[in-house]
Amino acid sequence: TFFPEAVLIGAQAYDVETGAELGAAPAIPPHRRAKRWLDKVVGDDGKLYDVDERTGALTLWGEMPTTHLVPPPPGDEKRWDASIAWHATHGERAYGTSRFSDPRIEIVICHVPSKRLTREPLDWRPAKPQKSYSMHVGPDGAVYGSNYSLAMWRVDARTGECRTLGWAVPPRAGGELWCFANMGRRMYIGAYTYSWVSVYDPARPWDPGVRGGNNPRNLFRLFDHAPDQHRPRALALAGDGKVYLASCADYGVTRDGALAAIDPKTDTLAHVWCPLVKDHQLISLAPHPVRRELYVGTYRGDWWTSAVAGAMAVLDLERGEVVRRFDFPNTVQYLAAGAGIVAGLVRREWRMFFYNPETGECTAPELLEGAKTFFLGLRPSRGTWLVYQRGRLFEMEPTTRALRQISPEGVEIAGSDFREGLDGLIYFRGADELDICRFVP
(Lines give C-alpha, C1' and ligand atoms only; values in the text may rest on other atoms or scores of the structure.)
Protein backbone atom coordinates (compact mmCIF):
# COMPACT_ATOMS: atom_id res chain seq x y z
CA THR A 1 0.00 0.00 0.00
CA PHE A 2 1.47 3.37 -1.04
CA PHE A 3 0.99 6.73 0.68
CA PRO A 4 2.61 10.03 -0.36
CA GLU A 5 5.10 9.85 2.52
CA ALA A 6 5.34 6.12 3.27
CA VAL A 7 5.01 2.58 1.97
CA LEU A 8 3.13 0.08 4.10
CA ILE A 9 4.31 -3.55 3.73
CA GLY A 10 2.19 -5.74 5.92
CA ALA A 11 2.01 -3.93 9.28
CA GLN A 12 5.36 -2.15 8.87
CA ALA A 13 5.62 1.36 7.39
CA TYR A 14 8.75 2.65 5.61
CA ASP A 15 9.81 6.20 4.76
CA VAL A 16 9.60 6.77 1.00
CA GLU A 17 12.74 8.92 0.82
CA THR A 18 15.11 7.04 3.15
CA GLY A 19 13.63 3.57 3.34
CA ALA A 20 13.86 3.72 7.13
CA GLU A 21 11.27 1.93 9.26
CA LEU A 22 8.60 4.18 10.76
CA GLY A 23 7.28 3.62 14.23
CA ALA A 24 3.66 3.89 13.12
CA ALA A 25 1.83 3.90 9.83
CA PRO A 26 0.41 7.24 8.75
CA ALA A 27 -3.31 7.75 9.09
CA ILE A 28 -5.15 6.23 6.16
CA PRO A 29 -7.58 8.75 4.68
CA PRO A 30 -11.11 7.44 4.01
CA HIS A 31 -10.81 7.64 0.23
CA ARG A 32 -7.85 5.22 0.31
CA ARG A 33 -9.98 2.65 2.10
CA ALA A 34 -12.84 3.01 -0.37
CA LYS A 35 -13.73 0.32 -2.90
CA ARG A 36 -12.20 1.00 -6.31
CA TRP A 37 -13.23 0.34 -9.89
CA LEU A 38 -10.23 0.92 -12.12
CA ASP A 39 -9.04 4.41 -11.11
CA LYS A 40 -12.45 5.48 -9.70
CA VAL A 41 -13.84 5.33 -6.16
CA VAL A 42 -17.14 3.49 -5.71
CA GLY A 43 -19.41 5.61 -3.55
CA ASP A 44 -21.99 4.43 -1.05
CA ASP A 45 -24.60 5.08 -3.74
CA GLY A 46 -22.85 2.67 -6.11
CA LYS A 47 -21.80 5.46 -8.48
CA LEU A 48 -18.24 6.21 -9.54
CA TYR A 49 -16.22 9.21 -8.41
CA ASP A 50 -12.95 10.83 -9.38
CA VAL A 51 -10.78 11.46 -6.34
CA ASP A 52 -8.31 14.20 -5.56
CA GLU A 53 -5.45 12.16 -4.09
CA ARG A 54 -4.15 15.15 -2.14
CA THR A 55 -7.36 16.29 -0.47
CA GLY A 56 -9.57 13.23 -0.85
CA ALA A 57 -12.35 15.28 -2.45
CA LEU A 58 -14.73 13.23 -4.62
CA THR A 59 -16.30 14.38 -7.92
CA LEU A 60 -19.06 12.40 -9.58
CA TRP A 61 -17.81 10.69 -12.76
CA GLY A 62 -20.82 8.54 -13.67
CA GLU A 63 -22.42 5.13 -13.24
CA MET A 64 -20.45 1.91 -13.48
CA PRO A 65 -20.91 0.61 -17.05
CA THR A 66 -21.97 -2.93 -16.19
CA THR A 67 -25.23 -3.15 -18.11
CA HIS A 68 -23.70 -3.45 -21.58
CA LEU A 69 -23.36 -6.88 -23.10
CA VAL A 70 -21.38 -8.30 -26.01
CA PRO A 71 -23.53 -10.47 -28.32
CA PRO A 72 -22.40 -14.12 -28.42
CA PRO A 73 -21.26 -15.74 -31.66
CA PRO A 74 -24.05 -17.76 -33.35
CA GLY A 75 -24.43 -21.24 -31.92
CA ASP A 76 -22.54 -20.63 -28.68
CA GLU A 77 -25.09 -18.63 -26.68
CA LYS A 78 -25.06 -20.99 -23.70
CA ARG A 79 -21.31 -20.87 -23.08
CA TRP A 80 -20.55 -17.28 -24.03
CA ASP A 81 -19.65 -14.90 -21.21
CA ALA A 82 -21.55 -11.82 -22.35
CA SER A 83 -20.01 -9.34 -19.91
CA ILE A 84 -17.21 -6.91 -20.69
CA ALA A 85 -13.79 -6.77 -19.06
CA TRP A 86 -13.19 -3.03 -18.54
CA HIS A 87 -9.55 -2.00 -18.62
CA ALA A 88 -9.30 1.78 -18.43
CA THR A 89 -11.16 5.09 -18.20
CA HIS A 90 -10.37 8.38 -19.87
CA GLY A 91 -12.46 11.50 -19.70
CA GLU A 92 -16.08 10.38 -19.89
CA ARG A 93 -15.28 7.06 -21.54
CA ALA A 94 -14.57 3.54 -20.34
CA TYR A 95 -12.65 1.09 -22.52
CA GLY A 96 -12.96 -2.69 -22.48
CA THR A 97 -13.07 -5.92 -24.43
CA SER A 98 -15.34 -8.94 -24.41
CA ARG A 99 -14.22 -11.47 -21.82
CA PHE A 100 -13.68 -14.02 -24.58
CA SER A 101 -11.36 -13.27 -27.49
CA ASP A 102 -13.43 -11.89 -30.34
CA PRO A 103 -12.06 -12.77 -33.79
CA ARG A 104 -13.08 -9.29 -34.97
CA ILE A 105 -10.45 -7.81 -32.60
CA GLU A 106 -12.11 -4.64 -31.37
CA ILE A 107 -12.26 -2.32 -28.40
CA VAL A 108 -15.60 -1.70 -26.64
CA ILE A 109 -16.12 1.97 -25.74
CA CYS A 110 -18.79 3.19 -23.34
CA HIS A 111 -19.68 6.92 -23.29
CA VAL A 112 -20.75 7.05 -19.65
CA PRO A 113 -23.08 10.11 -19.62
CA SER A 114 -25.19 8.78 -22.51
CA LYS A 115 -24.57 5.06 -21.79
CA ARG A 116 -23.90 4.69 -25.51
CA LEU A 117 -21.82 1.66 -26.48
CA THR A 118 -19.63 1.68 -29.59
CA ARG A 119 -16.92 -0.56 -30.99
CA GLU A 120 -13.66 0.36 -32.61
CA PRO A 121 -12.12 -2.28 -34.92
CA LEU A 122 -8.37 -2.68 -34.62
CA ASP A 123 -6.13 -3.27 -37.60
CA TRP A 124 -3.69 -5.03 -35.32
CA ARG A 125 -0.73 -7.22 -36.19
CA PRO A 126 1.93 -8.45 -33.78
CA ALA A 127 5.27 -6.65 -33.87
CA LYS A 128 6.99 -10.02 -34.27
CA PRO A 129 5.81 -13.19 -36.02
CA GLN A 130 3.85 -15.41 -33.70
CA LYS A 131 5.34 -18.85 -33.07
CA SER A 132 3.56 -21.94 -34.32
CA TYR A 133 2.15 -24.27 -31.70
CA SER A 134 1.10 -27.37 -33.61
CA MET A 135 1.40 -28.94 -37.06
CA HIS A 136 -0.38 -31.76 -38.90
CA VAL A 137 -0.66 -33.20 -42.41
CA GLY A 138 -4.36 -33.31 -43.22
CA PRO A 139 -6.30 -35.85 -45.29
CA ASP A 140 -6.00 -33.60 -48.36
CA GLY A 141 -2.19 -33.48 -48.09
CA ALA A 142 -2.09 -29.88 -46.90
CA VAL A 143 -0.29 -28.88 -43.71
CA TYR A 144 -2.49 -27.54 -40.90
CA GLY A 145 -1.77 -26.06 -37.51
CA SER A 146 -2.19 -23.11 -35.19
CA ASN A 147 -0.06 -20.47 -33.59
CA TYR A 148 -0.72 -19.38 -30.01
CA SER A 149 -4.41 -18.88 -30.80
CA LEU A 150 -7.49 -20.85 -31.80
CA ALA A 151 -7.17 -19.80 -35.44
CA MET A 152 -6.17 -22.59 -37.81
CA TRP A 153 -3.89 -22.05 -40.80
CA ARG A 154 -3.36 -24.15 -43.94
CA VAL A 155 -0.27 -24.52 -46.12
CA ASP A 156 -0.81 -25.84 -49.64
CA ALA A 157 1.88 -28.50 -50.07
CA ARG A 158 2.04 -27.94 -53.84
CA THR A 159 2.39 -24.17 -53.94
CA GLY A 160 3.59 -23.30 -50.43
CA GLU A 161 0.73 -20.79 -50.09
CA CYS A 162 -0.24 -20.22 -46.45
CA ARG A 163 -3.53 -18.71 -45.36
CA THR A 164 -5.46 -18.41 -42.12
CA LEU A 165 -8.78 -20.22 -42.21
CA GLY A 166 -10.14 -18.59 -39.04
CA TRP A 167 -11.25 -19.46 -35.52
CA ALA A 168 -11.78 -23.23 -35.36
CA VAL A 169 -13.62 -23.41 -32.01
CA PRO A 170 -15.82 -20.95 -30.06
CA PRO A 171 -13.60 -17.88 -29.53
CA ARG A 172 -12.32 -17.15 -26.05
CA ALA A 173 -9.31 -15.73 -24.28
CA GLY A 174 -6.21 -17.84 -24.85
CA GLY A 175 -6.03 -21.31 -26.24
CA GLU A 176 -4.44 -23.24 -29.09
CA LEU A 177 -5.11 -26.21 -31.32
CA TRP A 178 -3.07 -29.00 -29.73
CA CYS A 179 -3.58 -32.25 -31.67
CA PHE A 180 -5.11 -33.76 -34.80
CA ALA A 181 -6.08 -37.14 -36.28
CA ASN A 182 -7.27 -38.07 -39.79
CA MET A 183 -10.14 -40.40 -40.57
CA GLY A 184 -11.09 -40.72 -44.20
CA ARG A 185 -11.48 -37.27 -45.71
CA ARG A 186 -12.06 -35.60 -42.33
CA MET A 187 -9.76 -34.69 -39.46
CA TYR A 188 -10.45 -34.40 -35.75
CA ILE A 189 -9.03 -31.51 -33.74
CA GLY A 190 -8.34 -31.17 -30.01
CA ALA A 191 -8.15 -27.65 -28.56
CA TYR A 192 -7.17 -26.02 -25.28
CA THR A 193 -9.06 -24.98 -23.11
CA TYR A 194 -11.82 -27.38 -21.95
CA SER A 195 -10.39 -30.11 -24.24
CA TRP A 196 -12.70 -29.16 -27.09
CA VAL A 197 -13.12 -31.82 -29.80
CA SER A 198 -14.03 -30.70 -33.33
CA VAL A 199 -14.18 -32.35 -36.75
CA TYR A 200 -13.27 -30.66 -40.05
CA ASP A 201 -13.77 -31.63 -43.70
CA PRO A 202 -11.26 -29.73 -45.90
CA ALA A 203 -13.44 -30.37 -48.99
CA ARG A 204 -16.30 -28.29 -47.57
CA PRO A 205 -16.49 -24.51 -47.05
CA TRP A 206 -15.14 -23.08 -43.79
CA ASP A 207 -18.07 -22.38 -41.44
CA PRO A 208 -17.17 -23.14 -37.78
CA GLY A 209 -19.80 -23.63 -35.12
CA VAL A 210 -21.67 -26.09 -32.92
CA ARG A 211 -24.53 -26.99 -35.25
CA GLY A 212 -24.75 -30.11 -37.37
CA GLY A 213 -23.91 -28.39 -40.65
CA ASN A 214 -20.97 -26.36 -39.37
CA ASN A 215 -17.44 -27.03 -40.62
CA PRO A 216 -15.46 -27.46 -38.49
CA ARG A 217 -18.18 -28.67 -36.18
CA ASN A 218 -17.42 -28.31 -32.48
CA LEU A 219 -18.65 -31.61 -31.06
CA PHE A 220 -18.19 -31.44 -27.29
CA ARG A 221 -15.95 -30.37 -24.41
CA LEU A 222 -14.37 -33.23 -22.50
CA PHE A 223 -14.36 -30.80 -19.55
CA ASP A 224 -18.14 -31.37 -19.32
CA HIS A 225 -17.68 -35.14 -18.93
CA ALA A 226 -14.49 -35.49 -16.84
CA PRO A 227 -13.25 -33.17 -14.06
CA ASP A 228 -10.92 -30.29 -14.99
CA GLN A 229 -9.92 -31.60 -18.42
CA HIS A 230 -8.38 -28.77 -20.43
CA ARG A 231 -5.35 -30.02 -22.37
CA PRO A 232 -5.91 -32.50 -25.23
CA ARG A 233 -2.45 -33.93 -25.81
CA ALA A 234 -3.05 -36.60 -28.49
CA LEU A 235 -5.67 -37.91 -30.92
CA ALA A 236 -5.49 -41.28 -32.68
CA LEU A 237 -7.63 -43.55 -34.86
CA ALA A 238 -7.58 -47.04 -33.31
CA GLY A 239 -8.23 -50.54 -34.63
CA ASP A 240 -11.85 -50.60 -33.40
CA GLY A 241 -12.73 -47.70 -35.71
CA LYS A 242 -13.02 -45.11 -32.95
CA VAL A 243 -11.01 -41.95 -32.45
CA TYR A 244 -9.33 -41.62 -29.05
CA LEU A 245 -8.37 -38.45 -27.20
CA ALA A 246 -5.76 -38.30 -24.40
CA SER A 247 -6.23 -35.35 -22.06
CA CYS A 248 -4.47 -33.68 -19.13
CA ALA A 249 -6.25 -32.08 -16.19
CA ASP A 250 -5.60 -28.43 -15.43
CA TYR A 251 -2.44 -27.48 -13.50
CA GLY A 252 -2.77 -30.33 -11.02
CA VAL A 253 -6.23 -29.28 -9.80
CA THR A 254 -6.98 -32.94 -10.20
CA ARG A 255 -4.17 -35.36 -10.89
CA ASP A 256 -6.14 -37.69 -13.14
CA GLY A 257 -6.06 -37.30 -16.90
CA ALA A 258 -8.87 -38.73 -19.04
CA LEU A 259 -9.18 -40.85 -22.16
CA ALA A 260 -12.19 -40.37 -24.43
CA ALA A 261 -13.50 -42.61 -27.23
CA ILE A 262 -15.34 -40.86 -30.09
CA ASP A 263 -17.69 -42.73 -32.43
CA PRO A 264 -17.00 -41.23 -35.89
CA LYS A 265 -20.27 -42.64 -37.27
CA THR A 266 -22.26 -40.32 -35.01
CA ASP A 267 -19.49 -37.92 -33.87
CA THR A 268 -20.58 -38.51 -30.29
CA LEU A 269 -18.72 -39.42 -27.13
CA ALA A 270 -18.77 -43.21 -26.79
CA HIS A 271 -16.88 -43.69 -23.51
CA VAL A 272 -14.67 -41.86 -20.99
CA TRP A 273 -12.02 -43.34 -18.71
CA CYS A 274 -11.15 -41.04 -15.82
CA PRO A 275 -8.83 -42.05 -14.45
CA LEU A 276 -7.25 -44.45 -16.89
CA VAL A 277 -4.08 -44.57 -14.78
CA LYS A 278 -4.58 -43.34 -11.22
CA ASP A 279 -2.77 -40.06 -10.41
CA HIS A 280 -1.39 -39.81 -13.96
CA GLN A 281 -1.96 -37.39 -16.84
CA LEU A 282 -2.23 -38.71 -20.41
CA ILE A 283 0.08 -37.30 -23.05
CA SER A 284 0.68 -39.72 -25.97
CA LEU A 285 -1.18 -42.41 -27.94
CA ALA A 286 -0.28 -45.18 -30.36
CA PRO A 287 -2.83 -47.66 -31.78
CA HIS A 288 -1.64 -51.13 -32.76
CA PRO A 289 -2.01 -51.59 -36.55
CA VAL A 290 -3.66 -55.03 -36.14
CA ARG A 291 -4.43 -55.86 -32.50
CA ARG A 292 -7.36 -54.23 -30.71
CA GLU A 293 -4.98 -52.44 -28.37
CA LEU A 294 -4.21 -48.80 -27.67
CA TYR A 295 -0.95 -47.74 -26.02
CA VAL A 296 -1.17 -44.69 -23.77
CA GLY A 297 1.80 -42.65 -22.51
CA THR A 298 1.46 -40.87 -19.17
CA TYR A 299 3.25 -38.77 -16.58
CA ARG A 300 2.76 -38.11 -12.88
CA GLY A 301 3.14 -34.59 -11.51
CA ASP A 302 1.50 -31.19 -11.84
CA TRP A 303 3.10 -30.36 -15.18
CA TRP A 304 4.76 -32.49 -17.82
CA THR A 305 8.05 -30.55 -17.71
CA SER A 306 8.41 -31.32 -13.98
CA ALA A 307 7.12 -34.88 -14.01
CA VAL A 308 8.37 -37.29 -11.36
CA ALA A 309 7.34 -40.50 -13.15
CA GLY A 310 5.65 -41.87 -16.23
CA ALA A 311 4.06 -45.03 -17.57
CA MET A 312 2.83 -46.83 -20.66
CA ALA A 313 -0.61 -48.39 -20.27
CA VAL A 314 -1.89 -51.12 -22.61
CA LEU A 315 -5.64 -50.68 -23.12
CA ASP A 316 -7.55 -53.71 -24.42
CA LEU A 317 -10.18 -52.07 -26.66
CA GLU A 318 -12.56 -55.04 -26.57
CA ARG A 319 -12.55 -55.32 -22.78
CA GLY A 320 -12.21 -51.58 -22.22
CA GLU A 321 -9.60 -51.97 -19.50
CA VAL A 322 -5.87 -51.63 -18.93
CA VAL A 323 -4.30 -55.09 -19.11
CA ARG A 324 -0.63 -54.11 -18.67
CA ARG A 325 1.29 -51.17 -17.30
CA PHE A 326 4.99 -50.36 -17.44
CA ASP A 327 6.48 -47.64 -15.24
CA PHE A 328 9.31 -45.29 -16.23
CA PRO A 329 11.29 -42.54 -14.46
CA ASN A 330 9.74 -39.71 -16.49
CA THR A 331 7.11 -38.70 -19.04
CA VAL A 332 6.42 -41.13 -21.89
CA GLN A 333 6.24 -38.29 -24.37
CA TYR A 334 6.07 -40.18 -27.68
CA LEU A 335 4.75 -43.59 -28.71
CA ALA A 336 4.73 -45.39 -32.06
CA ALA A 337 3.52 -48.86 -33.07
CA GLY A 338 4.37 -50.89 -36.15
CA ALA A 339 5.26 -54.38 -37.38
CA GLY A 340 4.27 -55.94 -34.08
CA ILE A 341 6.54 -53.69 -31.98
CA VAL A 342 5.74 -50.62 -29.88
CA ALA A 343 8.39 -47.96 -29.22
CA GLY A 344 8.31 -45.21 -26.62
CA LEU A 345 10.46 -42.19 -25.78
CA VAL A 346 11.08 -41.12 -22.17
CA ARG A 347 11.45 -37.38 -21.68
CA ARG A 348 14.45 -35.81 -19.95
CA GLU A 349 16.48 -39.00 -20.31
CA TRP A 350 15.63 -39.04 -24.05
CA ARG A 351 15.95 -42.81 -24.14
CA MET A 352 13.76 -45.26 -26.04
CA PHE A 353 12.11 -48.49 -24.91
CA PHE A 354 10.54 -51.30 -26.94
CA TYR A 355 7.50 -53.43 -26.13
CA ASN A 356 6.52 -56.74 -27.77
CA PRO A 357 2.73 -57.26 -27.49
CA GLU A 358 3.07 -60.97 -28.30
CA THR A 359 5.38 -61.77 -25.40
CA GLY A 360 4.45 -58.91 -23.08
CA GLU A 361 8.14 -58.03 -22.68
CA CYS A 362 9.28 -54.43 -22.42
CA THR A 363 12.92 -53.33 -22.53
CA ALA A 364 14.50 -50.77 -20.23
CA PRO A 365 14.97 -47.29 -21.76
CA GLU A 366 18.21 -47.10 -23.74
CA LEU A 367 20.19 -44.70 -25.88
CA LEU A 368 20.07 -45.46 -29.59
CA GLU A 369 23.63 -46.00 -30.80
CA GLY A 370 24.81 -43.98 -27.83
CA ALA A 371 22.83 -40.83 -28.72
CA LYS A 372 19.77 -39.11 -27.24
CA THR A 373 16.52 -39.18 -29.22
CA PHE A 374 14.24 -36.13 -29.17
CA PHE A 375 11.34 -37.14 -31.41
CA LEU A 376 9.59 -40.38 -32.37
CA GLY A 377 6.87 -40.61 -35.00
CA LEU A 378 5.46 -42.61 -37.90
CA ARG A 379 6.36 -42.77 -41.57
CA PRO A 380 3.08 -44.29 -42.79
CA SER A 381 4.03 -44.91 -46.43
CA ARG A 382 6.77 -47.35 -45.40
CA GLY A 383 5.48 -48.66 -42.08
CA THR A 384 8.59 -47.33 -40.36
CA TRP A 385 9.38 -44.80 -37.64
CA LEU A 386 10.87 -41.32 -37.78
CA VAL A 387 13.60 -40.83 -35.16
CA TYR A 388 15.21 -37.44 -34.58
CA GLN A 389 18.58 -37.07 -32.93
CA ARG A 390 20.38 -33.78 -32.69
CA GLY A 391 20.60 -32.31 -36.19
CA ARG A 392 19.66 -35.50 -38.06
CA LEU A 393 16.45 -37.38 -38.89
CA PHE A 394 16.54 -41.15 -39.25
CA GLU A 395 14.17 -43.85 -40.43
CA MET A 396 13.97 -46.88 -38.13
CA GLU A 397 12.79 -50.31 -39.20
CA PRO A 398 10.72 -51.59 -36.24
CA THR A 399 11.74 -55.25 -36.31
CA THR A 400 15.50 -54.76 -36.72
CA ARG A 401 15.69 -51.31 -35.06
CA ALA A 402 18.22 -50.35 -37.73
CA LEU A 403 18.68 -46.61 -38.28
CA ARG A 404 19.06 -45.02 -41.72
CA GLN A 405 19.63 -41.30 -42.05
CA ILE A 406 17.07 -39.67 -44.36
CA SER A 407 17.86 -36.00 -43.77
CA PRO A 408 20.34 -34.47 -46.23
CA GLU A 409 23.97 -35.33 -45.53
CA GLY A 410 26.02 -32.44 -44.22
CA VAL A 411 22.92 -30.38 -43.37
CA GLU A 412 21.86 -29.89 -39.76
CA ILE A 413 18.10 -30.21 -39.38
CA ALA A 414 16.84 -28.22 -36.39
CA GLY A 415 13.16 -28.62 -35.63
CA SER A 416 10.32 -30.69 -34.20
CA ASP A 417 7.00 -32.35 -35.12
CA PHE A 418 8.29 -34.30 -38.11
CA ARG A 419 5.49 -35.50 -40.39
CA GLU A 420 5.43 -37.37 -43.69
CA GLY A 421 3.23 -35.70 -46.28
CA LEU A 422 1.08 -37.47 -48.82
CA ASP A 423 3.70 -36.39 -51.38
CA GLY A 424 6.37 -38.39 -49.52
CA LEU A 425 8.22 -35.29 -48.32
CA ILE A 426 9.06 -34.72 -44.66
CA TYR A 427 7.52 -31.60 -43.09
CA PHE A 428 8.54 -30.12 -39.75
CA ARG A 429 8.47 -27.00 -37.63
CA GLY A 430 11.73 -25.05 -37.63
CA ALA A 431 13.60 -24.67 -34.36
CA ASP A 432 12.55 -21.02 -34.05
CA GLU A 433 8.91 -22.21 -34.44
CA LEU A 434 8.36 -19.49 -37.04
CA ASP A 435 8.78 -21.56 -40.20
CA ILE A 436 7.26 -24.72 -41.67
CA CYS A 437 10.04 -26.58 -43.49
CA ARG A 438 10.29 -29.67 -45.67
CA PHE A 439 12.88 -31.82 -47.40
CA VAL A 440 13.07 -34.79 -49.76
CA PRO A 441 14.06 -37.90 -47.74
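I looked up valine 314 and found it opposite arginine 324 in strand 27. The model is predicted: local features need pLDDT of at least 70 and side-chain atom pairs count only at pLDDT 80 or more, while totals for chains, interfaces and linings use all residues. Residues are numbered from 1 along each chain as its sequence is written, and side-chain values use heavy atoms, with hydrogens and water left out.

I then checked the pairing of strand 26 (residues 309–316) with strand 27, which is antiparallel over 7 bridges. Strands here are DSSP runs (E, at least two residues), numbered from the N terminus, and two of them pair if DSSP finds at least two bridges between them.

Next I traced the sheet: 4 strands, open, antiparallel, in the order 24-25-26-27. I noted strand 24 (281–287) and strand 27 (321–328) as its edges, each pairing on one side only. Neighbouring strands are turned by 25° against each other on average, direction ignored.

I turned to the largest nonpolar core (buried Ala, Val, Leu, Ile, Met, Phe, Trp, Tyr and Cys residues joined through side-chain atoms within 4.5 Å; buried means under 20% relative accessible area, with a 1.4 Å probe and protein chains only). It has 25 residues, and Phe354 and Trp385 are among those that touch the most other members. Elements giving two or more residues include strand 30 (351–356) and strand 33 (384–389). Strand 33 supplies the largest share, 4 residues.

I listed contacts (heavy atoms within 4.5 Å) of phenylalanine 354, leaving aside neighbours within four places in sequence; they include Ile341, Cys362, Trp385, Met396 and Arg401. Apart from this core I found another, of 17 residues, including Tyr244 and Leu315.

Notes. Buried means under 20% relative accessible area, exposed over 50%, partly exposed in between (1.4 Å probe, protein chains only). Axes are lines fitted to C-alpha atoms, for helices over the stretch in contact, and angles run from 0 to 180 degrees between N-to-C directions.
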